[in-house]
Each structure stands twice: as C-alpha cells, then as structure tokens.
Amino acid sequence: MTAIADFPLKSEVHAFLTGGPKKLLIGGEWTPAASGRTFPTYDPATGNALTEVAHGQAEDVDRAVRAARAAFDDGPWPGMKPNERERLLWRVGDILSERAEEFGQLEALDNGKSAGIASAVDVAWAADVFRYYAGWATKIEGSTVNVSMPFAPGAQFHAYTLREPVGVCGLIVPWNFPLLMASWKLAPALAAGNTVILKPAEQTPLTALLLGEVFQEAGFPPGVVNIISGFGDAGAALSAHDDVDKIAFTGSTEVGKKIVDAAKGNLKKVSLELGGKSPNIVFADADFDAAVEGSLNAWLFNHGQCCVAGTRLFVEDKIFDEFTQAVADAASQVKIGPGLDPATQLGPLVSKEQFDKVTGYLREGLADGARALTGGKRWGETGYFVEPTVFVDVKPEFSIVREEIFGPVVATLPFNAEAGVAAAANDSIYGLAAGIWTRDISKAHRTARQIKAGSVWINQYNGFDTAMPFGGYKQSGWGRELGAAGLDAYTITKSVNVAL
C-alpha cells in the first residue's frame, strides 16, 4: 500500500483500513454478507487494494429492507418528534465536522481526490447538508384549504393537507462524490421521517460505511439507516423490491433508465440525477482572467469526474485562439499526484475501468481530427492518472463533444455572438448545468433563459449552495435535490376533508 506508506495517515484511518473486512449495517448491527463473500476496494493512485468489503447481494438487500420497514412501521422512528429528528441530524453534521480530516483521507484513498479538498469541500458541505435539513425537520407542514363543495349546499367542512414520509427509501449513490452524494439523499429522507437503505458505489464504499458508525454514534434507532455495499445486482434488487417505496439514484443516464424499469413492479417513486455534457459559454466581453480560471475549474474540478463539468467550452470567435491557449497553458501547470499529497491539484481517475474509458475517448478524439493544445494521454506509469486535455479543431458530431467522458477533458468550439450560441449549447440529450461569462448582465440573463439546463451559473462555475435546488432537464434526470425542493422527493401529500 504505497500511498499509505508515503504520506502520514491519521491513526483512526489506519485502524479502519486494517481492522478486518468491512461489514454491512443492517438493523443496527454490523454483519457479514449472507454469502460470506467480500471484495477489495482499491487506491486509484497505486492500484493497490486498501481493504476488503462485504459483498452484499439480494438476500442482504431483503434483510435491510425488512429492518427498514420494521423501523418505519413499528419502531420508535414514526413516533419521534420532529425536533428529536432535528437534533439527531444536527449531531451527524457536528460529528462529520469533528472528523473531517479522517473522512477526507479515507475519501482520498478510495476515490483519488485531494484529501485537503475532500475535507474542506466534500466533508464540510456534507456536514452543512445535514444541518440544513435538520432545520427542515420541524418545518414540514401541510395547509388548510377553503373548499367549496358545490354539490353539498349549506354543509360546512374542515379540509387540510398533511405532508407525510414516503416510507422505506433506497438511496443509490455514485463514486465521484461518495460522502457528499450520500448526504444529499440521507439528510432530506431522514428529516422527512423515512427509513433508508444506502447502497454506495462498489468503487468507493468506505466513507459510506464509516458514516454508518457516525449514525450509530449520533443515536439513530436501529433499522433507520441501513448500508449495503455491493455491485449492480444489489442496486437492482433494491430498485425492484416490492417493499421499497422510493428510489433515489445519482449516476449515469444508462443505469437510470434501468432503475426506472426495475421500479415499475410496485410503481415506487423514483428521482434521478443523471449525466451531463454541460456548456460553458465565454463571451468576448468577459473578464478574461476570471473566465480562464473559472473555465479551468469547470472541467477539472474533481478530475473532471463531475456530472456538471463544463466540458463543452464555447468561446466567442474574437478571442477563441487567445482564450483556449490560456486555458491550455493553465491546465499544463496543474500539479498531478496522489490525493494524500498536500500539493496535489489533480488526482487519479477512480478506477482502471474509468481510466480505460477516458483514454479511449482521447484516442478517439485525436483519430477524428481533434488537436490537443495540451495533454492527450496518460500521466506517469503507475495509477490511473490522465493529463488534463484541451481539444480544439473539433466538430459538433465528434464523440468528445456529444458524450459524457467523465475525465479531465474539454472540447472547445468557437461561436459568433451575432449568430447566437444557445442552439449549439442546447444541442445535447443532457441539460444539467451551464456557465456564462460576460460583463453585460442583460446578455447574461437573456442567455440564461435560453439555455435548457437545471442550473445556470453566471461569471462563476460550480456555484452550488445547499439552499439552491439542483437537477436536470431532458435526460439529465427527474426531480430536484437540495433546498426546500429536495424534500418533495421524500414526502407524499394526504388530503383530509371533515364534514362538520
């Protein structure tokens, strides 16, 4: 385990990794998979195995669903007051803040991202998400309705609505932001009073399993939070289970469609946050230096393994050559290395599978006729590192323009301001996010209205906030996460009408 030996680890992280195979959390108990099987999880900086993890399958999913159903129907959870749920969720946020460095190092080892960034961004934001939804636990309200009832003349009624929890929720999260994506789903689901089964990605299960210890430390009743590590078959079993009332999924559009098919059996509620190929639009009147830095961040953040990555960079023709070269020059200076190295700005891709996919796109782009201003190949001989790559001379039909690469790769295209850019920016099956750079605020607002995307950031990129709803248009998904809108996925409305 070279990465562990080369950089200092917190003793808690070392103990977690060397303390034997990681188990499943079911009904408040850590238990092996029913089959007894485990699988290794790897450090993408070295390719070395970190530890063994329980290989959960359909039987384990069924056990977890039974535990969650019992906790929802018969346990203390349904009778718990909203302010009690609020205190528990707030405590989770506090523990995450207290253990930020520990979670950050573990995320760096399992995912490859910078430990410093993981602590300061991923873990800090996850803590904020739990605190934000802790506050909502006491504010989920129905309303009174002044009904007319024209077919009951002279009668009087008292009518109102209740917002109730959906029930047992299956939460399936991806490998690019393992802890953060888990928090986006867990916090609103629990604030609303649901019980959950969390299924982390097989590439990055470790922070989810450590989070299970946090829920136990915070005092959540058994069965409220269950965690099943495993592969796609476990996710499929969860999606198809007839005693699961809701599935929330973040991942690829391809898998999202499979989840919709699996959920049809009992017509469970489904919310999806899926793929993207986001346009980032730079007008000639933009603040040049700010736009270069922001555009670099748009496609390099998290090594390009980000669903909102601004990987289609549209630059006004007047500044196209100068701007793209400046972005390439900045990209060539990025420090590449393992996530545990404090100097690292760009870590490895998460797995060999992802490395092979991204390098395949690099070869395909070059074969199609694109030219790399910088990058274009793997970096080093060990681990899953790819050079940040800026492509020019691309055409809209190239795969590097149309398909989600999920790596540190950007395709740049010139546009003429008079002809407009919205049609080209919207020429995608996706519609998750977009960036706009201009000093003309009226032009910024006009362009934002024309773009078909769930989040539009002006003179910035990745402008997230916990209070702002997030989700996509078109094949980028169904529903919204974060903000007050994030609770809609985990509540159901009941109408009550009383004849007086």
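Which residues of helix 10 (residues 253-262) are buried? In this predicted model, the buried positions of helix 10 are Thr253, Gly256 and Ile259. Viewed along the axis of helix 10, the buried residues fall within an arc of 110°, so they line one face of the helix. Glu254 and Lys258, both exposed, are carried on the face turned away from this buried side. The packing partners of the buried residues of helix 10 are helix 9 (232-240) and four strands, namely strand 7 (168-172), strand 10 (246-250), strand 11 (269-273) and strand 17 (430-431).

The chain as a whole is divided into domain 1, comprising 11-274 + 477-496, and domain 2, comprising 279-458. The centres of the two domains, taken over C-alpha atoms, are separated by 31 Å. Contact between the domains involves 23 residues of domain 1 and 25 residues of domain 2. The size of an interface is often expressed as the accessible area lost when the parts come together. Between domain 1 and domain 2, about 1,800 Å² is buried, and 65% of this area lies on carbon and sulfur atoms. Of the area that domain 1 buries against domain 2, 28% is supplied by Pro44, Ala45 and Trp175, more than by any other three residues.

Two sheets were examined. Strands of a sheet pair through backbone hydrogen bonds, in either a parallel or an antiparallel manner. One open sheet contains seven strands in the order 14-15-16-13-12-18-19, with mixed pairing. Its edges are formed by strand 14 (371-374) and strand 19 (455-458), each of which pairs on one side only. On average, neighbouring strands of this sheet are turned by 25° against each other, direction ignored. Within the sheet, strand 15 (residues 389-392) and strand 16 (residues 409-415) run parallel and are joined by three bridges. Val390 has Val410 of strand 16 as its bridge partner. Helix 13 (residues 352-368) lies across strand 14, strand 15 and strand 16, and runs at about 25° to strand 15.

The other open sheet consists of three strands in the order 5-6-22, and its pairing is antiparallel. Strand 5 (144-145) and strand 22 (491-499) are the edge strands, each pairing on one side only. Strand 6 (residues 157-165) is joined to strand 22 by nine bridges, and these two strands run antiparallel. In strand 22, Val498 is the bridge partner of His158.

Several loop positions were also considered. Gly407 is placed in the loop between helix 14 (399-402) and strand 16. With a relative accessibility of 0%, Gly407 counts as buried. Apart from its neighbours within four places in sequence, Gly407 is in contact with Trp299, His303, Gly304, Leu349 and Val358. A distance of 8.7 Å separates the C-alpha atoms of Gly407 and Asn302, which are 105 residues apart along the chain.

Asn462 is located in the loop between strand 19 and strand 20 (473-474). Although not a glycine, Asn462 has a positive phi of about 60°. Its relative accessibility is 15%, and Asn462 therefore counts as buried under the 20% limit. Leu482, in the loop between strand 21 (477-478) and strand 22, likewise has a positive phi, near 70°, in a residue other than glycine. Leu482 counts as buried, with a relative accessibility of 1%.

Terms used: Residues are numbered from 1 along each chain as its sequence is written. This is a predicted model: local features need pLDDT of at least 70, side-chain atom pairs count only at pLDDT 80 or more; totals for chains, interfaces and linings use all residues. Side-chain values use heavy atoms; hydrogens and water are left out. Two strands pair if DSSP finds at least two bridges between them. Axes are lines fitted to C-alpha atoms, for helices over the stretch in contact, and angles run from 0 to 180 degrees between N-to-C directions. Contact means heavy atoms within 4.5 Å. Buried means under 20% relative accessible area, exposed over 50%, partly exposed in between (1.4 Å probe, protein chains only). The arc is that of the directions from the helix axis to the C-beta atoms. Domain bounds come from an automatic or database domain assignment. Buried area is the accessible area (1.4 Å probe) that two parts lose on being put together, summed over both.
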